[in-house]
Amino acid sequence: MLSIESVDAYYGLFQALFGLSFSISPGETVALIGSNGAGKSTLLKTIVGAVRVRRDGVRLDGRDVGGDTEPQQLARGIALVPEGRRLFGSLTVLENLQLAARNGRAGPWTIPRLMQEFPVMKEFQHRPSTALSGGQQQLVAISRALVCNPNYLLCDEISLGLSPLAVNDVYGLLSRARGDGLAVVLVEQNVTRALAESGRFYCIQKGRVALSGKSADADHAAVAQAYFGM
Amino acid sequence: MLIALETLIGGLMLGALYALFGLGLSLSLGVMRMINIAHGDLIVLGAYLCSVVMQMFGIGPFLSLMLVVPLMFVIGMLLQSLLLNRVVGQGTLSPLLLTFGLSIVLQNFLQETFSADTRSLQAGDIALRGFDLGGVSIGLLPLLSTVVSVIIFAGTSWLINGSHLGRQARAVADDPATARLVGVDDRNFYALITGFILAVIAMAAVLYGIRTPFAPTSGPERLLYSFEAVVLGGLGNIWGTFIGGVVIGVAQLFGAKISSGLGPFFGHLVFLVALLARPEGLFRRIQR
Ligand SMILES: Nc1ncnc2c1ncn2[C@@H]1O[C@H](COP(=O)(O)OP(=O)(O)OP(=O)(O)O)[C@@H](O)[C@H]1O
Ligand SMILES: [Mg+2]
């Protein structure tokens with residue numbers, strides 16, 4: 001179980017999270033929704049250590065792991081697919097994956113398997129990663145996190161700016177990963193999709209949890225209110 | 001004609017050495033986006049360390065590298081992790097100021113420890129030996145330094161393009177924050193790179209110290225040649241740096257043929273003209 005315990009997060013003097021708590025169990029899919037600037041990305045960055053918090057702010061399986069670095073969290077099985085994909089432009093698609101695979105953990109997700117699941121990726125493996133379409137880049141970005149064989153996959157707006165067809169591809173890959181028992185945190189602008197894909201959800205507003213619960217029971221009026229803060 | 005050929009070959013070989021000076025600068029610029037003003041002074045430090053090790057153990061300059069290369073590697077790692085890591089990614093000015101200060105400190109340290117006298121590294125008769133190739137005489141030492149330089153460049157280029165280390169280097173250069181997400185600890189990695197740079201510097205320092213005397217204040221001149229090689233070749237382009245160094249070396253020797261003492265001036269002149277004609281350097285950042 002991975003959890004955030006009433007965390008305050010700052011960028012310099014600016015406070016982005018206010019006593020926020022959050023948790024996810026192994027194998028679970030949890031959606032994070034909220035308007036622009038609510039603090040969703042900050043929450044994910046806090047979990048992986050890109051935004052530093054106090055030692056007991058992040059807990060993994062009963063251990064305090066807050067304040068550790070991204071490589072340390074990756075080694076513990078927490079991987080982030082960052083907002084905006086952020087593939088390395090100087091590396092080919094294959095090299096992007098090789099880099100992550102070598103630094104990550106051993107497990108079921110290997111480069112050959114990903115290539116097999118995505119024949120298109122095999123086709124463009126030797127191209128610079130910037131030469132791909134947005135949808136293809138997103139598949140590579142998710143694959144780059146998957147080859148690290150995490151237990152917890154944090155996805156930041158993986159469908160943003162993609163065509164509906166590409167969005168389906170991306171969620172197809174994700175559902176295969178979840179089939180392997182991976183826990184997924186889903187930050188998603190599309191609330192309907194987020195609720196449909198997840199078991200539980202948190203609605204974040206101005207750095208605080210405004211609403212949370214089971215996705216299936218989510219009351220759309222209440223979610224809209226928590227989302228927009230009206 | 002034969003003299004021109006001899007000068008050209010001599011220039012190529014001297015340039016290969018300048019290129020080796022430039023390699024470290026090129027790497028720190030390419031991977032960490034920082035210019036190390038103390039680069040030249042570190043070259044001089046390497047030469048003095050060799051000199052000390054040679055005296056201490058009564059060995060030649062090449063054998064002394066067995067100790068000096070690892071030593072410089074460690075100094076590089078410490079320098080980066082204790083000092084330079086504080087300014088990487090903090091814009092362009094902070095690294096310049098910090099390494100400028102480091103340069104002054106190093107020069108004063110060398111002056112205090114070794115006095116202001118010039119020194120050179122005695123390599124025995126290898127420094128004088130040479131052979132004749134179709135009427136052109138080629139020194140053994142310049143040839144050796146050229147071979148060493150080419151090998152180091154080829155090795156570095158291979159590392160950057162074809163190894164895990166190189167993939168990490170390119171990823172960190174692209175986007176350090178995202179590199180951390182795929183498990184590259186950028187700070188440790190920078191320390192490794194600077195260790196490597198100083199190890200290369202040690203070798204360049206020995207090869208240069210055998211042919212040219214050095215003093216505690218020789219650093220800035222070494223920095224200038226390195227910098228010219230890097231900028232001329234195009235920033236962040238490894239083989240470009242090699243060509244850049246060679247161009248400077250050839251220009252210097254032809255200048256010196258016209259009038260001894262004009263050598264460095266001709267190097268600067270060619271640099272200036274080339275830069276005016278192609279401000280982006282002779283080679284764009286095509287190669288990785
Ligand atoms: N690097 C930064 N420096 C300073 N402030 C930041 C930084 N990143 C985010 N913020 C601020 O922190 C707050 C939360 O930002 P965050 O990126 O977590 O929001 P978000 O919910 O992911 O929004 P979006 O939907 O736009 O991605 C915002 O007010 C934002 O302006
Ligand atoms: Mg965001």
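Mentor: Contact here means heavy atoms within 4.5 Å. The model is predicted. Helix H7 (residues 164-179) of chain A lies across strand S3 (29-33), S7 and strand S8 (183-187) of chain A.

Trainee: What is the angle between H7 and S8(A)?

Mentor: Helix H7 runs at about 150° to S8(A). Angles run from 0 to 180 degrees between N-to-C directions. Helix H6 (residues 134-146) of chain A lies across S6 and strand S7 (152-156) of chain A, at about 170° to S6(A).

Trainee: What makes S6 and S10 of chain A edge strands?

Mentor: Each pairs on one side only. The open sheet has six strands in the order S6-S7-S8-S3-S9-S10 (chain A), and its pairing is mixed.

Trainee: Why do strand S9 (residues 200-205) of chain A and S10(A) count as paired?

Mentor: Pairing needs at least two bridges. Six bridges join S9 to S10(A), and the two run antiparallel, so they count as paired. Within S10(A), Arg208(A) is the bridge partner of Gln205(A).

Trainee: How do you know that strand S1 (residues 2-11) of chain A pairs with S2(A)?

Mentor: The cut-off is again at least two bridges. S1 and S2(A) pair over seven bridges in the antiparallel sense, so the criterion is met. Tyr10(A) stands opposite Gln15(A) in S2(A). Helix H1 (residues 40-48) of chain A packs on the sheet, where it touches S1, S2 and strand S4 (58-60) of chain A.

Trainee: Which residues coordinate the magnesium ion (ligand 2)?

Mentor: Ser41(A), through OG, and Glu83(A), through OE, coordinate the magnesium ion at 1.9 to 2.4 Å. Donors must be N, O or S atoms within 2.8 Å of the metal, so these atoms qualify. Water is not among the atoms, so a site may look incomplete.

Trainee: Why is the pair said to tie together separate parts of the chain?

Mentor: Ser41(A) lies in helix H1 and Glu83(A) in the loop between strand S6 (78-81) and helix H3 (93-103) of chain A, so the pair joins parts 42 residues apart in sequence.

Trainee: Why is Ser41(A) called buried, and what is Glu83(A) called at 37%?

Mentor: Buried means under 20% relative accessible area. Ser41(A) has 17%, so Ser41(A) is buried. Glu83(A), at 37%, is partly exposed because that class lies between 20% and 50%.

Trainee: What makes the approach of Glu157(A) to ligand 1 a polar contact?

Mentor: A side-chain N or O atom of Glu157(A) is 3.3 Å from an oxygen atom of ligand 1. The limit is 3.5 Å, so the pair qualifies. Polar backbone atoms also come within that limit: one of Lys40(A) at 2.8 Å and one of Ala38(A) at 3.2 Å.

Terms used
Residues numbered from 1 in each chain as written. Chains lettered and ligands numbered in written order. Predicted model: local features only at pLDDT ≥ 70, side-chain atom pairs only at ≥ 80, totals over all residues. Heavy atoms only, no water. Helix = DSSP H or I, 4+ residues; strand = E, 2+ residues; numbered from the N terminus. Donors = N, O, S within 2.8 Å, 3.2 Å for Na, K, Ca; no water. Buried < 20%, exposed > 50% of the residue type's maximum accessible area, 1.4 Å probe, protein only. Polar contact = N/O pair within 3.5 Å; in protein donor to acceptor, adjacent residues only side chain to side chain.
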